[in-house]
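Hi everyone, thanks for coming. I'd like to spend a few minutes on charged side chains and how they pair up. Let me put the sequence and the structure on the screen.

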Amino acid sequence: MKIPAFLSRIFGPSRMLRYRQKPLQDAPRKQGSLARSIMRTLLFTFIPLTLMAGGAYIIPRVLLQNQIVKQMQRLVTTQTEAARNTIKVRQIRLDRMIRLPNFDSAMQVVLRETPGSLAFTEARNTLIVTFNETNREEANPLFNLFLILDADGKVLASNERKWESTTLAASPNYSVLRE
């Protein structure tokens, strides 16, 4: 079989002899090619695996952070709405209490009479009873304490006796409460 001229330069007998005559020189070349193949293996397997592992870590982390932020925002919104509803319920209860006829008349007596008089004591007791009756939602009271103050900041009546006859005018928050 005859080899064409352009292939004879590449696969000619002189070239084939050169490769056959130098088998020991090929050995270092194979070690170099082994190192190259190991580098190619590292390059094409471990680097993409590392990138995929990084992506598999970062993407869920970002998603979890976003989910946590949304849940915290919903929680704050829910708690704010619950607090607003509680305030509305308390305002409605106070409005109902103030509009009761016996509460209004007892309040007028407490504001007019001197503390310690019989009319003052009866009016005070009526206020406390009315307050305690309308202050309940299930078993828990809506308000822990109520105070009736005169214009000078003196406590005229309270559901706790220790507050009566004390003055709140010297308190730094009293001027804010009056406004």
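Here's something to start with: how many residues apart are Arg 84 and Glu 81 in helix 3? Keep in mind as you look that this is a predicted model.

The answer is three, and because of that spacing in helix 3, which covers residues 23-99, about one helical turn separates Arg 84 from Glu 81. Their side chains join in a salt bridge, at 3.1 Å from N to O. As for the surroundings, Arg 84 is partly exposed at 47% relative accessible area, and Glu 81 is partly exposed too, at 37%.

Now follow helix 3 along to another pair, Arg 99 and Asp 95. These side chains also meet in a salt bridge, with an N to O distance of 2.9 Å. Here the two residues are four apart in the helix, so again about one helical turn lies between Arg 99 and Asp 95. Arg 99 counts as exposed, with 62% relative accessibility, whereas Asp 95 is partly exposed at 34%.

Next, please find Glu 160 and Lys 162. What do they form together? A salt bridge once more, and its closest N and O atoms are 3.8 Å apart. That falls inside the 4 Å cut-off, so the pair qualifies. Is Lys 162 buried or exposed? Lys 162 is exposed, at 64% relative accessibility, while Glu 160 is partly exposed at 31%.

To put these pairs in context, searching the whole structure gives four salt bridges, among them the ones between Arg 84 and Glu 81, Arg 99 and Asp 95, and Glu 160 and Lys 162. Thanks for listening!

Definitions and conventions
Residues numbered from 1 in each chain as written. Predicted model: local features only at pLDDT ≥ 70, side-chain atom pairs only at ≥ 80, totals over all residues. Heavy atoms only, no water. Buried < 20%, exposed > 50% of the residue type's maximum accessible area, 1.4 Å probe, protein only.
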